[in-house]
Amino acid sequence: MSGSQPASSTLAVDVAAAAKALEEVAAAGGAARIVMNREGGASLVIQVSNNNKSKVKKAQTAIKNLTSNSALKAANKNDERDRKIHIANREKMMTPLMKAARDDKYGKEVQKEIKSAKAKASGEMLETILNEKETDFVDEENAGSGEVSNVNANEADDSGAVDDKRAKAGAKSATDGTDAKNVLQSNILPKEGGWAAIHFACDSGNHEGLRYLLAAGAEPNLTERMGATPLHRVILGAGKYPLTQLNSTGASEKKDSRIASKSGGNHGGKMALPGVVKSSSGSGNNKKGGDGEIDTAYLDDYMTCLKLLLDNGRFNLMMNERREERPRASKKNTPSTDNLTASQKIKIGKEGLPKDDGFGVSPLCLCVSQGYTARDALYPLLEHLLTRGFDANATMCGVSALHIALRNAHYGCAFALTRAGANINAMHPDGKTALQASELIYGESFARELREASVVAMAVADPTRRRDMLRSQGMDGAKKLAKRAMNAGHSFIKASRWREAAGAYSEAAAYGAKSLPMRERFECLRNMSECFLQVERGLKSEEVARQLLKEFPKVPLSLIAVGEAMSHPSCGKLSPEQLKEVNKYADDALKMEKKSDGKEWWRTLEPTNRSNSSLIRALKLKGLVEGRTKEQNPAVKVANTALDEYFTPGGSIEKAAFAIELALKPALNHPSPLPLHGIRGFIYYSWASEILRANSLCRSDRERKDGLLRVMAPLKNKMSWKEAQEKIQIAFDEFEYYSKMNVNGEFPKLMYGFNISKTNFALGKFKDGKRFALASIKERAEADLARLDDNGTRRKSASEAAQDDHFEGGSTQKLILQLNWALDMNRMLVTQMVIDYAINADSSKTPLPSPMLLEPMVAGLTLKEDVINMPHLCVILEKAVTYKLLDKASEKRLLDKISGNPIKVNAAIKGLLSAMKTLESGYQAMADLRVEVGKIIMKFVTGAHHMQKQTKSSSRVVGSLLMEALEWDKNVKIPKDLPKMYLKMTQEFTQVPNSS
């Protein structure tokens, strides 16, 4: 159907045309975004699976016709009219106190109304006035009609939206004697309503008004018609606020000046970054209210409301956490809790909430629901709820909060839930666990990090015990858990488990500044920042470092932490303004050092190694800035250019390679050339990877976006497999040269033995690759075990531990991914080799293009020069597709080029069989390596467990080591003397994936 339908066409025709166009787009595969601007500022974004421009354009046109359809516009206009009628009717039924709670952000009007109420009543009468709910209204035009549209319960749970059609139906007046319960059961009342002043204050983030209401005696557990308490309204209000801000057109429709004054045309504003420490508005690069951004300061208002409710003596956690999924109207013969006093409700909450608790869900589920403007929009609220004892394993409609977070792309919240004890093996109604869902949606790397977060939770405390400690002991429980998390972090640092260590410190920091003594709070934030640097998450490290500086502004180490995070390569190239900022931090740190008498409390946290002291680190930071801003050695300058291009997302790998070649020229005389050889190896290995991906005959390789791969600019010259092979060989030579020359360990080893291993795998030298990998991993495990046995009284920081072991780049956890990618590179390399060989074959005696290709030996297969063996080729091509050598499109192109030529057909058969045999050899070497590495790490596990008698800290890393051993080999033999909790962990990690 043509995409140029007139706007006057029927709605059904336009819907069919849009559906057909989208189906055509989706059928072709790929990836594309269709964006339709909507009236009011927001945009409709449809994610489809295609990059075919003509089909996308056709779909865009069809959807545009649909959105401009006159019938649809008329329906939208009627809905808008009904919405305005609903708002106007509701406004009439509101008391002055309700309006003040909604509109007066300073609380003066609320205070005035409360004083007026106190002058008229006291005791229970005053409580009645404070907790009075809005009266149900009657829409005179449709009153009694009984017309009610269907309600999508999921949409209601996700966004708390009003069903405007219910407002049309109206409601019977309370004065006509109709029983309110019967009215509810007849579904005549609008879905939203029954709010008291406290609900309005919470929904609008009016913390000052809420403060006065709670002080006067307002009920913090009061439910509205849908069963939502003030706590639920805080979360729902925070979730919808950015949308309200985007759609606001001024003060014409809403009197709330805070919303009306912040209208803007942003179509996808930046929300607060997810993290264990909330970034402060307006600091550094995270400026508040900039052009094209949503002002995220509103979250502070809602967070204050949240804390006021949780800190109130009458707040009942049980009544706010466990919510029913069915509306109260569907439950007969069950007394309502609305008319009970506060003391009666608290008593019921302790005894167990009755079935008639209204309609609602856990606050945690609301924090990760749909309908928000950005992922992890409500992360700070969710994190605070977790630290106050809300159950991380809460469910909604039989689906866990973790599942909801993962499927709605709130992955920061998913990690917070997992660290708090959410079960990663909780089953979804579709039969998949949260861990399996995470791997399907986000990939293997994400799933691995989720397992690591689960290990952190186990290392800190059992989830049920954690929850009960927070509920029963309050701040004392939080302090104990923060201390346990700190100890777990220190243990993970000893074993170089940087991601787990960062997770443990994140958990400790989440309990707040008061949960740890000053010295330990400083140590927690500093180590967290340094751990994030170890796993190349510079932006996250900077965020934590800025929080450290905010809390400890007079400590030089805080200034240095921010400067080091900002200047880390994973943050990309520094702008001139950022260089000035780093320079200022270095200058301020040096000034503090000059004034220091050496007796400050933070001196005890300085490394014993003088080369890593705060003074030396400040001087290094100063030197880094001066090296970038002042006249410098030409070789250093071009080397910095190479690093900037390599580490900056979207940088050019070709420019990085050109720059590193210049830096290594003898004429430029670089002062320290050895590290440059290692950098050259990394750049050339990545360059080869990009060439192979660009020329891959399998679409999944070309579109692959794994956390292991750097996001580089598209290649200007795709070259061929020959150049890719040459570049892998150059990388191998550079890694080998660096390893031989760095005999004294003057520079960090950076697992160069392992880098030699992965280049061997990529080149098809599988035996050598296996040998180097085993030696490197064994060396690493022995070094980790030796440090774990160090029972010194002084704890080392993350940066100090990393410097001591001379193995930067993390533990062996990431190595599986790197080896798997090396095998994928070999797969792409041999495939491109043999296809090129087949297309250009001109004789049956043409040899295979590389000695890495193993000669195929298939019993009964004979290839004759004068016979076109198409049946054989078709069978082999089908198998090649399963091996991911080719996709269907590449298979078709190959057949077009070789069909009818027996020499080329036979060459294709021989080449593809050779490629598959070569790959099978590589996969077998990898399988053997996995078994042997599993044994090495399990030996490490046994050693760490035996150390438990000497130090409790080592036991906390056993779970992490066990997970790592099982990742290498799921059939590895588990020692029988391990505690039951570790055996249970083994069962969870080796769970058989669901076949569906």
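This is a chat about a predicted model of one protein chain.

Reader: What is the chain made of, in terms of helices and strands?
Author: The protein chain has 44 helices and four strands. It runs to 996 residues, and 53% of them count as buried.

Reader: And how much accessible surface is there?
Author: About 44600 Å² for the protein chain, with 53% of that belonging to carbon and sulfur atoms.

Reader: What share of the contacts is between residues far along the sequence, say 24 or more positions apart?
Author: Counting contacts with a separation of 6 or more, 74% are between residues 24 or more positions apart.

Reader: What is the average pLDDT?
Author: The protein chain averages 74, and 67% of the residues score at least 70.

Reader: Which elements have the lowest and highest means?
Author: Helix α13, residues 257-260, has the lowest mean pLDDT, at 30. The highest belongs to helix α11, residues 207-216, at 93.

Reader: Where does pLDDT stay under 50?
Author: One such stretch is residues 1-9, for which the model has 19 contacts beyond four places in sequence. Residues 248-294 are also below 50, and that stretch has 102 contacts in the model beyond near neighbours in sequence. Where pLDDT is low, the predicted coordinates should not be read in detail.

Reader: Changing topic. Which residues touch the most other members of the largest nonpolar core?
Author: I683, M825, L885, L912, L929 and W968, in a core of 99 residues. Helix α42, residues 902-946, gives the most to this core, with 18 residues.

Reader: Take L885. What is it in contact with, leaving aside neighbours within four places in sequence?
Author: The contacts of L885 are L697, C698, R827, T831, A880, L912, A915, M916 and L919.

Reader: What about a second core?
Author: There is a separate one of 75 residues, and its members include F200, L306, L364 and L435. L435 is also one of the buried residues in helix α21.

Reader: Which other residues of α21 are buried?
Author: In that helix, residues 434-442, A434, Q436, A437 and S438 are buried as well. The cover over the buried residues of α21 includes α19 (401-407) and α22 (444-460).

Reader: What follows α21?
Author: G443, with a positive phi near 105 degrees.

Reader: How many disulfides are there?
Author: The count is zero.

Reader: Why does C367 not form one?
Author: Because the closest cysteine sulfur, in C413, is 7.0 Å from the sulfur of C367, which is too far for a bond. C367 is buried, at 0% relative accessibility.

Reader: And why not C531?
Author: The reason is again distance: its closest cysteine sulfur is in C524, 9.8 Å away, too far for a bond. C531 is buried too, with a relative accessible area of 0%.

Reader: Last topic, helix α27. Is E542 buried or exposed?
Author: E542 is found in α27, residues 538-551. Its relative accessible area is 7%, so E542 is buried.

Reader: How far is E542 from A565 in space?
Author: The C-alpha atoms of E542 and A565 are 4.9 Å apart, although the two residues are 23 residues apart in sequence.

Reader: And Q547, buried or exposed?
Author: Q547 lies in α27 as well. Its relative accessibility is 13%, so Q547 counts as buried.

Reader: What does the side chain of Q547 join up with?
Author: The side chain of E551, through a polar contact of 2.8 Å.

Notes:
Residues numbered from 1 in each chain as written. Predicted model: local features only at pLDDT ≥ 70, side-chain atom pairs only at ≥ 80, totals over all residues. Heavy atoms only, no water. Buried < 20%, exposed > 50% of the residue type's maximum accessible area, 1.4 Å probe, protein only. Helix = DSSP H or I, 4+ residues; strand = E, 2+ residues; numbered from the N terminus. Contact = heavy atoms within 4.5 Å. Disulfide = S-S within 2.5 Å. Core = buried A, V, L, I, M, F, W, Y, C linked by side-chain atoms within 4.5 Å. Areas by Shrake-Rupley, 256 points an atom, 1.4 Å probe, with all protein chains shown as cover. pLDDT = per-residue confidence, 0-100. Polar contact = N/O pair within 3.5 Å; in protein donor to acceptor, adjacent residues only side chain to side chain.
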